[in-house]
Amino acid sequence: MIEYIKGTVEYIDTEYIVVESNAIGYKIYCGNPFEFQKYRNQSIQIFTHHYVREDLIALYGFPTREERLLFEKLLNVSGIGPKGAVAILATGEPNKVVSAIEMEDEKFLTKFPGVGKKTARQIILDLKGKLKGFGEPTEGLFAAEESYEEGAHELDEAIEALKALGYAEREIKKIKPKLDGEVLTTDQYIKKALQLMLKQ
């Protein structure tokens, strides 16, 4: 229904961002809202999926069309809802998810919140062989990563975002010592934390 929205990032929450376009503020749920921190009060283009269910109408946003496509494929899997699909994509590395599906790597898939062995097997059964041609991520909103010093505030924001994605405090505590020595932006902390989670 809505292919994309171009507008200004007006607000960032742990689960969503608000993009103002033509005097309308769109609440858009994202896997990693803090990726948009560096674009605060700037104009962006975000690809959207308009999710409609009897008890829920929501917009989900993605930096590239490919990430949106994988989100939509995951929604077709029994046992995967929009929150679960967004959490799987929150690493910002959809190609690793596709590779895990094609290689039947259940262990990799069960690292995501809400994905047990049964759901991981269902993802593989439903999607293996149906993701051919899913190439390298196209150059999108976050192609160029900026590197500059940030303080403890950014790490705190990253931890809140991980909790919002469904990760337990005990899981976060395991990887926090590896992040304490880093000086990163909020979204870089989140990406690194998610990668460390998947290696546990």
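Ring pairs join Tyr 11, Tyr 16, Tyr 29, Tyr 51, Tyr 60, Phe 62 and Phe 71 into a cluster. The model is a predicted one, and the count of aromatic pairs in it comes to 8. The protein chain has 8 helices and 5 strands, with the strands preceding the helices in the order β-β-β-β-β-α-α-α-α-α-α-α-α from the N terminus.

**Aromatic cluster**

- One of the ring pairs is formed by Tyr 29 and Tyr 60, whose ring centres are 5.6 Å apart. The planes of these two rings stand at 35°, so the pair counts as tilted.
- Tyr 29 belongs to strand β3 (residues 24-29) and Tyr 60 to strand β5 (residues 56-62), so the pair ties together parts of the chain that are 31 residues apart in sequence.
- Tyr 29 is partly exposed, at 22% relative accessibility, whereas Tyr 60 is buried, at 8%.
- Tyr 16, a member of the cluster, also has a charge over its ring: the charged end of Lys 27 sits there, 4.5 Å from the ring centre.

**Nonpolar core**

- The largest nonpolar core comprises 59 residues. The residues with the most contacts inside this core are Ile 17, Leu 109, Phe 112 and Ile 123.
- Helix α8 (residues 186-199) contributes 7 residues to the core, the most of any element.
- In soluble globular proteins, nonpolar side chains tend to be buried together.
- Leu 109 touches Val 97, Ala 100, Ile 101, Val 115, Ala 120, Ile 123 and Ile 124, when its neighbours within four places in sequence are left aside. Ile 123, one of these partners, is itself among the residues with the most contacts inside the core.

**Salt bridges**

- The structure contains 9 salt bridges.
- Side chains of opposite charge can pair when their charged atoms come close.
- Glu 3 and Arg 68 form one of the salt bridges, with 3.1 Å between the closest N and O atoms. Glu 3 lies in the segment before β1 (4-12) and Arg 68 in helix α1 (residues 65-75), so this pair ties together parts that are 65 residues apart in sequence.
- The two partners differ in burial class: Glu 3 is partly exposed at 34% relative accessibility, and Arg 68 is buried at 9%.
- Arg 121 and Glu 104 meet in a salt bridge with an N to O distance of 3.8 Å. Arg 121 is in helix α5 (residues 117-127), while Glu 104 is in the loop between α3 (94-102) and α4 (106-109), and the two are 17 residues apart.
- Glu 104 also forms a salt bridge with Lys 128, where the closest N and O atoms are 2.6 Å apart. Lys 128 is placed in the loop between α5 and α6 (152-164), 24 residues from Glu 104.
- Salt bridges with shared partners join Glu 104, Glu 106, Arg 121 and Lys 128 into one network.
- Three members of the network are partly exposed: Arg 121 has a relative accessible area of 28%, Glu 104 has 36% and Lys 128 has 37%.

**Loop between α6 and α7**

- Ala 168 is located in the loop between α6 and α7 (169-180). Its relative accessible area is 26%, so Ala 168 is partly exposed.
- Ala 168 and Pro 113 are 55 residues apart in sequence, and their C-alpha atoms are 8.6 Å apart in space.

**Whole chain**

- Of the 200 residues in the protein chain, 48% are buried.
- Among contacts with a separation of 6 or more, 59% are between residues 24 or more positions apart.
- The protein chain exposes about 10,300 Å², of which carbon and sulfur atoms supply 48%.

Note on methods
Residues are numbered from 1 along each chain as its sequence is written. This is a predicted model: local features need pLDDT of at least 70, side-chain atom pairs count only at pLDDT 80 or more; totals for chains, interfaces and linings use all residues. Side-chain values use heavy atoms; hydrogens and water are left out. Helices (H or I, at least four residues) and strands (E, at least two) are DSSP runs, numbered from the N terminus. Buried means under 20% relative accessible area, exposed over 50%, partly exposed in between (1.4 Å probe, protein chains only). Contact means heavy atoms within 4.5 Å. Accessible areas come from the Shrake-Rupley method with a 1.4 Å probe; for residues, only the protein chains shown count as cover. A nonpolar core is a set of buried Ala, Val, Leu, Ile, Met, Phe, Trp, Tyr and Cys residues joined through side-chain atoms within 4.5 Å. A salt bridge is a side-chain nitrogen of Lys or Arg within 4 Å of a carboxyl oxygen of Asp or Glu. Rings of Phe, Tyr and Trp (its six-membered ring) pair if their centres lie within 6.5 Å; planes under 30 degrees apart count as stacked, over 60 as edge-to-face and the rest as tilted. A charge sits over a ring if NZ of Lys or CZ of Arg is within 6 Å of the ring centre and within 35 degrees of the ring normal.
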